[in-house]
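Reader: I'm in my first year and still learning to look at protein structures. Could you take me through one small part slowly, and then show me what else is worth a look?

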2 protein chains.
Amino acid sequence: MNYVNLDKTDGLKKLNSLKRTAVKELLTPERVHTSDIPLGGGLRYNWAAMPVSDEAVSALQDLADETELVDKYREILKGEVMNTGEKRLVLHHLTRGNVLGQSVMADGEDKGAFYSSVLDSIKSFSEKVRNGEIKGSTGKAIKTVCQIGIGGSDLGPRALYLALKGWADGCGIKTLNAEFISNVDPDDAAAVIKRLDFETTLFILVSKSGTTQETLTNRDLVLETLKSSPIPGLVPSKHMVAVTSKTSPLAKDSSMLASFFIDDYIGGRYSSTSAVGGTVLSLAFGFDTFRALLDGAHEEDVKATEKDITKNGALMDALIGFYLRNILGYPSTAILPYSQALSRFPAHLQQLDMESNGKHVNRFGEKVSYPTGPVIFGEPGTNGQHSFYQLLHQGTDIVPLQFIGFRNCQYGQDIETAGSTSQKKLNANLSAQIAAFARGKEDENTNKEFDGNRPSSLIYGDKLTPEALGALLAHYENKVMFQGFIWNLNSFDQEGVQLGKVLAKKVLAGCEGDELLKAYADLLI
Amino acid sequence: MNYVNLDKTDGLKKLNSLKRTAVKELLTPERVHTSDIPLGGGLRYNWAAMPVSDEAVSALQDLADETELVDKYREILKGEVMNTGEKRLVLHHLTRGNVLGQSVMADGEDKGAFYSSVLDSIKSFSEKVRNGEIKGSTGKAIKTVCQIGIGGSDLGPRALYLALKGWADGCGIKTLNAEFISNVDPDDAAAVIKRLDFETTLFILVSKSGTTQETLTNRDLVLETLKSSPIPGLVPSKHMVAVTSKTSPLAKDSSMLASFFIDDYIGGRYSSTSAVGGTVLSLAFGFDTFRALLDGAHEEDVKATEKDITKNGALMDALIGFYLRNILGYPSTAILPYSQALSRFPAHLQQLDMESNGKHVNRFGEKVSYPTGPVIFGEPGTNGQHSFYQLLHQGTDIVPLQFIGFRNCQYGQDIETAGSTSQKKLNANLSAQIAAFARGKEDENTNKEFDGNRPSSLIYGDKLTPEALGALLAHYENKVMFQGFIWNLNSFDQEGVQLGKVLAKKVLAGCEGDELLKAYADLLI
């Protein structure tokens, strides 16, 4: 494989030498229909309003070939040690299916078979809880599941749960309510616990290492609260399962009602399709729903092996994103789902992208001389239109935009007012925004003038189903992976989170009181 | 007043000529204690870890004096037409108190007296609802209030409600549950409506103009749902109040149970301390709680009249933010509250800041040649540590950070595990992060190396009370106002949101089906 820094590629030189073409010059009604790539799960990726000419697309294809982006993805799928920093395989794709159809062996076992066996145990357990075979310790059926986890054990599963709640309701699927405790701030747990009926709640404790400070602290807080409950017959351990690695201290905790395993080859932010997301989603919506999500993700994983960038949405998205960052110099990207169900999806992508590619050294530990991952932020539309879109339209900086939209709503509870349904209004706004950002508007009053040329892409589909959601998730995971390859990074470690942990322990070991400022000043001595 | 573009000031020239000093060189334990300014509500603003030398602070003071920042604030307080684009006064400060002690007359009335009278009616109405004097139409007491509004009628009130819920619970204050419907996506309303007991719910319809598409659509959706409810005796109009301006169509809607008024001098994103926030917060937590929030905000408004920047936290924060943006060239800022209660406060600040100062023309409509408002994003700590902090610590770009923290939690439900309480762990992490970002760490392994020199500030206090929250809100409002003056902008209009509205209407008028892509392409013809 050709693991070379971006600034040593012919592709970058070529792209820097090309004439830059503005969105306004490129965007025509025809281009809207021709710049459109099918993704998995019935979704499509449209890049018509991106400032890449035919010439630039051709040069991006050359760069993709030169840096062997798809071949490197295939290396991941084959089980190469692509997490070079931690010397680990990268196997999250295998949790949803086997793209290359060949087995991946590690630690003396077939990893595909291992992930399948975990799925089987999640299926069996979740069905028993949902049909009442497994009950709470006082004999009542479980109605709520409460995940205790942080980072990848929280953001992805939470975003996916919220994304499917309306779909499940709209389909009449039996739903267990899901709650999430993540922050070490005791007010997070207190607020959630206040809402819970302990007798009908099952806690899911999620920590791969089994040593995450926040998660263990919240487990203890929850167990203390359960133990001090006056409810007769309540047995706290009968209300808690674990998702962890086989080698973690939690795996040895025999008091748990059940354990579901992950391993070191699934990074936290890539773990939504492992037991980390699978346990809570299967309990909340049934295993079939989670399986459908995996199938959508797998379909997109297969599509991502295509070398022609005009047929590989994740690859095209990655290359255009690199173009915006390294050729045009834009430092941030906004994620704008026109779907309230995706309210926390931008927060998940913020983690996925910024933790994967917010790096200053390449995969060999050498400092790079070019910008890597951008700042990612976003909120659902139309809400954002009444908030930060002012800056996006008329600010002095250009922020590239990634829109997401669906033809139909999830609940199916819509009415027509003033000549249109709410869903039609929602999508009219989405179409309008893309055009407004791209085209702008001249006006004699400069305060009402829009320069336009704000680049955007659109991922769209019929409805936010489990298959579509799985494909959406996999699209972004694969986009981030391809960008990591372009920048020659290891997108699968996170050494940047360590220093804060070490210093926090130092404070806790030495701090006499709870005086914030003193602790901060003392750390500087 | 000296309304001059930033690039014409002596201050900018002087600041550009100064030697730049890195955070590492400046930050000492002593500086932590000396770079600390009292705000209102018992809060303090600490700027020790910001890259401004004594010389730079002195030059920032000169710029503040040269551009008459405090005098311009006083002009706002006196009732000058500071919203030049819309030719309006800017009176949100007056909703919490009279800073200068002189009356502001507009449209033939004393505006201070007007806002006071609105407060009186909110007090009276909310007390009657809370004590059961005003009931739902079927005779049941109101237990839930549901705000229907978007943008400023949603983000601020929602963030403040979430921020005070734990405090009220911890104090044993009677609480009405609050829900919010904002997005025109019908799934937003459907998800909320599913949770509501109509008989015990009071809806608060909030639209200053009375013409906001999303809000009217959601009102109709809610009213239709109420009308089709099989509950005997349910009278929809008895379950809805309005917050609007006296001249809006809503004000004439006699079917409303009550109306609470605002006026054109309160911008949406500045309306949290008007009836827009006051109605829902007084109903949820009692009028005294809202009054305490106003008092905290007023205290901070008074402090913001101080001309010495080392004694005026909002002014210092504004000037340092300008320094980071225009001298050091950083395009974004992260807001990082170590308080789960502030989970949506960054989203409110995102609106407040980006909608106010995301502008490319000055207050006279002339294009400016320098960067204005930055991108604002953020999530609570410690959650963010397990997410995007990787990029903040080790990414190729520098993102300035604004931390917020409190010594004590709100609920008071905390336990000691592994030698410390959760709250102590939370704050240990906060102190550790500030030090880690500033100082960094050398390491032979470059992948474990931290360059440091990541600037940050800290707003901190004893506990997140209504007074502290009010002061926090006012601090940021005043910071944004001062920055608008530095950039010579009108921070109080939002022409950038108009074009999308116009095009969306065009789509709705002409669109045959609900085909997203067709509508988008058609707009380009």
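Author: Let's begin with a cut-off: a residue counts as buried if 20 or more other C-beta atoms lie within 10 Å of its own, with C-beta atoms placed from the backbone. Keep in mind that this is a predicted model. Now take A:Ala471, which has 30 other C-beta atoms within 10 Å and is therefore buried. You will find A:Ala471 in helix 16 of chain A, which covers residues 466-486. Leaving aside residues up to four places away in sequence, A:Ala471 touches A:Leu39, A:Gly40, A:Gly41 and A:Leu43, and also A:Gly296, A:Ala297, A:Glu299 and A:Glu300. By contrast, A:Gly210 lies 30 Å from A:Ala471, C-alpha to C-alpha, and 261 residues away in sequence.

Some of those partners lead us to another helix. Helix 11 of chain A spans residues 287-303, and its axis comes within 6 Å of the axis of helix 10 (residues 275-285), crossing at roughly 130 degrees. The two helices of chain A, 10 and 11, are therefore oblique to each other. Helix 10 brings A:Gly278, A:Leu281, A:Ser282 and A:Phe285 to this contact, while helix 11 brings A:Phe287, A:Thr289, A:Phe290 and A:Leu293. Sorted by class, the contact between helix 10 and helix 11 of chain A has 5 nonpolar residues, 3 polar ones and no charged ones.

Finally, step back to both chains. A turn of 180 degrees, with a shift of 0.0 Å along the axis, lays chain B on chain A with an RMSD of 0.0 Å. The two copies are thus related as by a two-fold rotation axis. In chain B, the residue closest to that axis is B:Phe377, at 3.2 Å (C-alpha).

How values were computed: Residues are numbered from 1 along each chain as its sequence is written. Chains are lettered from A and ligands numbered from 1 in the order in which they are written. This is a predicted model: local features need pLDDT of at least 70, side-chain atom pairs count only at pLDDT 80 or more; totals for chains, interfaces and linings use all residues. Copies are superposed by least squares on the C-alpha atoms of residues with pLDDT of at least 70 in both. Axes are lines fitted to C-alpha atoms, for helices over the stretch in contact, and angles run from 0 to 180 degrees between N-to-C directions. Helices (H or I, at least four residues) and strands (E, at least two) are DSSP runs, numbered from the N terminus. Angles under 35 degrees count as roughly parallel, over 145 as roughly antiparallel, 65 to 115 as roughly perpendicular and the rest as oblique. Two residues are in contact if their C-beta atoms, placed from the backbone, lie within 7 Å. Ala, Val, Leu, Ile, Met, Phe, Trp, Tyr, Cys and Pro count as nonpolar, Asp, Glu, Lys and Arg as charged, and the others, Gly among them, as polar. A residue is buried if 20 or more other C-beta atoms lie within 10 Å of its own, exposed if 12 or fewer, and partly exposed in between; C-beta atoms are placed from the backbone.
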